[in-house]
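Here are three short exercises to work through with the structure open beside you. Try each task before you read its solution.

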Amino acid sequence: MVVDDASVLSPKHCQAESWTQRTPSQTEYWAVPACNVGGTWEIAAGLGRIAPDDRSGAYRSGVVQAKTVFKPLQTNSWGIGLTIANQSRLGGGMWGDLTVMVPVSVSLQDDRLLLHANGGLLYQNAGNRRTGTWAVGAEWAAHKRLVLTLEAYGSGHGPSYRQAGLRFNLIPDRLSFDTGIGGRLRGGEPYATFGLSFAGQVWR
């Protein structure tokens, strides 16, 4: 999901996420591992490859993200956190697009339904431009292994998008597969995503 939740990995746990996103004009490939550092912060760093269909201008991008929670999300309650991320094109300097975001999550029906809302600020280094960002989403546990998702997101200076998807837990709390389809809220720019996520305790 594009929308973020107000939770972090458990202490001494790590997670590896990989996904691909296909649009009519390009294909993206991403791999982003993350670990809980010190018990309160989740640190992620990963790489992506963006390849236009015309085979011109393919490039690699890097992302670094730090996330914490001020109030952890609990069953039938709510949580709030903070995410700081920087995404930059490799070879184009250390600083790229800097995002500061506040995720808020609400648990309903004993965690069967999770609602998420994000509000933040995006600084685009290339154009020296600042804009607000937003995202809202929901996760519904249709089965103990199947979660259905729905979300919308956008920014002040760009188009808004919608996405629907599902996540299948191949190994509960360890290995999951997800897929989704999306596009502009008012039509156009369709895309599809496929991803895998693996999580577990790394050290004792």
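**Exercise 1.** Is Ser105 buried or exposed in this predicted model, and which side chain does Ser105 join through a polar contact?

*Solution.*
- Step 1: Find Ser105 in strand β6, which covers residues 97-108.
- Step 2: Take its relative accessibility, 0%. Buried means under 20%, so Ser105 counts as buried.
- Step 3: Look at what surrounds Ser105. Leaving out residues up to four places away in sequence, Ser105 touches Asp5, Ala6, Leu73, Ser77, Trp78, Gly79, Leu115 and His116.
- Step 4: Pick out the polar partner: the side chains of Ser105 and His116 are joined by a polar contact of 2.7 Å.

**Exercise 2.** Which residues make up the largest nonpolar core, and which element gives the largest share?

*Solution.*
- Step 1: Mark the seven residues of this core: Leu9, Trp30, Val32, Ala34, Ala44, Ile50 and Val63.
- Step 2: Look for elements that give two or more residues; these are β2 (26-37) and β3 (41-52).
- Step 3: The largest share, three residues, belongs to β2.
- Step 4: Now find the other core that lies apart from this one; its five residues include Val3, Tyr153, Tyr161 and Tyr191.

**Exercise 3.** Which element gives the most to the nonpolar surface patch that includes Trp140 and Leu148?

*Solution.*
- Step 1: Outline the patch of about 740 Å², with Leu166, Phe168 and Phe194 also among its residues.
- Step 2: Two elements, β10 (161-171) and β12 (191-201), give two or more residues.
- Step 3: With four residues, β10 gives the most.
- Step 4: Check one residue of β10, Leu166. Leu166 counts as partly exposed because its relative accessibility is 32%.

Definitions and conventions: Residues are numbered from 1 along each chain as its sequence is written. This is a predicted model: local features need pLDDT of at least 70, side-chain atom pairs count only at pLDDT 80 or more; totals for chains, interfaces and linings use all residues. Side-chain values use heavy atoms; hydrogens and water are left out. A nonpolar core is a set of buried Ala, Val, Leu, Ile, Met, Phe, Trp, Tyr and Cys residues joined through side-chain atoms within 4.5 Å. Buried means under 20% relative accessible area, exposed over 50%, partly exposed in between (1.4 Å probe, protein chains only). A polar contact is a pair of N or O atoms within 3.5 Å; within protein, one must be able to donate a hydrogen and the other to accept it, and residues adjacent in sequence count only if both atoms are side-chain atoms. Contact means heavy atoms within 4.5 Å. Patches are made of residues with over 30% relative accessible area and no salt bridge: like charges are joined within 9 Å, nonpolar side chains (Val, Leu, Ile, Met, Phe, Trp, Tyr) within 5 Å. Accessible areas come from the Shrake-Rupley method with a 1.4 Å probe; for residues, only the protein chains shown count as cover. A salt bridge is a side-chain nitrogen of Lys or Arg within 4 Å of a carboxyl oxygen of Asp or Glu.
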